[in-house]
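Thanks for coming, everyone. I have one structure to walk through today. Please bring it up on your screens.

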Amino acid sequence: MRCGVTVVLILFLNSVSIWGEAQEWKIVRQDDFVRGDGVEGILQDVHFTNTENGWAVGHGSLVLQTTDGGHTWMKVEIELERSTNFWNLYFYDESVGFITGVGGTILKTSDGGATWERKKWEVEAGVSGRRRLLDTWLVDAKIGFMVGENNTLLRTSDGGETWSGEGRGVAVGQTRNNLERIFFGSPTHGWIVGSFGTLLHTSDGGATWAPQNPGTDSNLHGVHFLNSTTGWISGQEGFIAHTTDGGVTWTQQETDAYDNFYDIVFVDESSGWAVGDFGAVAHTTDGGATWMLGTAGSSTNLWAVHAVDKNHCWAVGEWGLIVSYKGD
């Protein structure tokens with residue numbers, strides 16, 4: 001499917017410094033209510049392949065692209081049979097990327113987003129319906145996984161051309177469990193987080209998954225690992241926990257936050273961010289031993305965060321909001 005591009009110029013607004021002059025968050029794309037450019041939609045995810053080139057996706061089939069580090073954003077038109085809500089954006093490298101969403105929607109690009117094609121989900125026998133797909137990870141150029149609502153776990157062995165797996169429905173009265181994020185710290189070690197303290201770990205590249213104990217039964221929303229042993233998870237009511245032994249044990253870190261953290265990202269063993277309700281942004285420069293809690297200049301919920309280094313970080317949220325962090 002071919003994509004047309006409409007340029008939407010976004011000006012920096014409401015610059016705000018919350019941790020000193022050298023560390024600033026700026027609103028680079030204002031709320032729909034204020035902006036009024038006709039390009040509307042809640043943004044659910046953001047991904048940058050380098051400091052200049054990035055993408056954001058959201059409701060109403062909304063896709064935005066930047067080639068100047070987020071100073072300006074272009075609306076990308078993707079041909080679909082009907083409009084849908086996109087929930088996840090993932091790039092394996094600068095060429096291969098995926099957009100997923102409601103109804104089992106899977107789109108793939110092999111040319112850096114110039115074109116996007118719908119891909120097939122082969123539903124196993126006895127599985128009804130197509131579920132919302134919430135996150136993606138490729139272990140290598142061929143093997144990859146997707147997770148989603150109702151314990152959905154999909155696998156590809158051909159670089160994302162086809163996907164197979166489970167997406168079972170939930171009967172009335174049963175608990176609905178969503179798998180929200182997946183992250184591999186190495187080709188063999190990966191983690192999945194989800195509802196009610198769900199934390200799954202693989203040590204064989206995704207062939208098998210086993211539960212770990214995160215120390216909470218509250219909803220987990222975010223996960224990030226630097227390698228096969230060191231990682232963080234985030235979730236409900238300001239929860240952040242850290243492991244240095246591959247998830248065998250987890251230590252909760254103090255954040256002084258009471259709202260949900262929906263996503264978390266680290267660029268090294270020291271520098272990381274978590275984002276969540278009411279524009280909350282938690283930042284650490286010591287691996288989470290201390291977290292500095294502030295806002296990104298808006299009370300709008302932030303759903304996702306992505307960083308390429310300790311000086312370049314972006315977050316997206318409700319009503320099309322995009323905020324950007326620039327360090328020294």
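Let me start with a question: which residue stands opposite Cys-313 in β31? The residue is Tyr-325. Before I go on, one caution: this is a predicted model.

So, strand β31. This strand covers residues 322-326. Four of its five residues are buried, so the strand is largely enclosed by the rest of the structure. Now look at its partners. Strand β30 is made of residues 312-317. β30 and β31 run antiparallel, and five bridges pair them. Together they make a hairpin, with four residues between the two strands. Find Trp-319 in that turn. Its phi is positive, at about 55°.

β31 also pairs with strand β3, residues 24-29. Again the sense is antiparallel, and again there are five bridges. For one contact to click on, take Arg-29: its bridge partner in β31 is Ile-322.

Next, the salt bridges. How many does a search of the whole structure find? Eleven. I will show you a few of them.

Start with Arg-181 and Asp-45. Their side chains meet in a salt bridge, at 3.8 Å from N to O. This pair links distant parts of the chain. Arg-181 sits in strand β17, residues 179-184. Asp-45 sits in strand β4, residues 43-48. That puts the two residues 136 apart along the chain. Are they buried or exposed? Both Arg-181 and Asp-45 are buried.

Arg-181 has another salt bridge to show, this one with Asp-263. Here the closest N and O atoms are 3.6 Å apart. This pair, too, links distant parts of the chain: Asp-263 is in strand β25, residues 261-266, and lies 82 residues from Arg-181. Why do we call Arg-181 buried? Its relative accessibility is 12%, and the cut-off for buried is under 20%. Asp-263 is buried as well, with a relative accessible area of 5%.

Now put those together. Asp-45, Asp-135, Arg-181 and Asp-263 are linked in a network of salt bridges. Keep all four side chains on screen for a moment.

For a contrast, go to Lys-75 and Glu-77. Their side chains also meet in a salt bridge, at 3.4 Å from N to O. Lys-75 is partly exposed, with a relative accessible area of 23%. Glu-77 counts as partly exposed too, because its relative accessibility is 37% and that class runs between 20% and 50%.

On to the surface charge. Which residues gather in a patch of positive charge? They are Arg-82, Arg-118, Lys-120 and Arg-130. Zoom in on Arg-82. Arg-82 is found in the loop between β7, residues 73-78, and β8, residues 86-91. Its relative accessible area is 62%, so Arg-82 is exposed.

β8 takes us to a sheet. Four strands form an open sheet here, in the order β8-β9-β10-β11, with antiparallel pairing. The edge strands are β8 and β11, residues 117-118, and each pairs on one side only. Look inside the sheet. Strand β9, residues 97-101, pairs with strand β10, residues 106-109. Four bridges join them, in the antiparallel sense. Gly-97 stands opposite Thr-109 in β10.

There is another open sheet of four strands. Its order is β17-β18-β19-β20, and the pairing is antiparallel. The edge strands are β17 and β20, residues 210-211, each pairing on one side only. β17 is the strand that holds Arg-181. At the other edge, two bridges join β20 to strand β19, residues 199-202. One residue to mark there is His-201, whose bridge partner in β20 is Ala-210.

Last stop, a glycine. Where does Gly-279 lie? In the loop between β26, residues 272-276, and β27, residues 280-284. This glycine counts as buried, because its relative accessibility is 2%. Now find Thr-300. Gly-279 and Thr-300 are 21 residues apart along the chain, and 5.0 Å separates their C-alpha atoms.

Let me leave you with one picture. Go back to Arg-181, with salt bridges to Asp-45 and to Asp-263. That is where I will stop.

Key
Residues numbered from 1 in each chain as written. Predicted model: local features only at pLDDT ≥ 70, side-chain atom pairs only at ≥ 80, totals over all residues. Heavy atoms only, no water. Patch = residues over 30% accessible without salt bridge, like charges linked within 9 Å, V, L, I, M, F, W, Y side chains within 5 Å. Areas by Shrake-Rupley, 256 points an atom, 1.4 Å probe, with all protein chains shown as cover. Salt bridge = Lys/Arg side-chain N within 4 Å of Asp/Glu carboxyl O. Lys, Arg positive; Asp, Glu negative; His and termini not counted. Charge placed at Lys NZ, Arg CZ, Asp CG, Glu CD. Buried < 20%, exposed > 50% of the residue type's maximum accessible area, 1.4 Å probe, protein only. Pairing = 2+ DSSP bridges.
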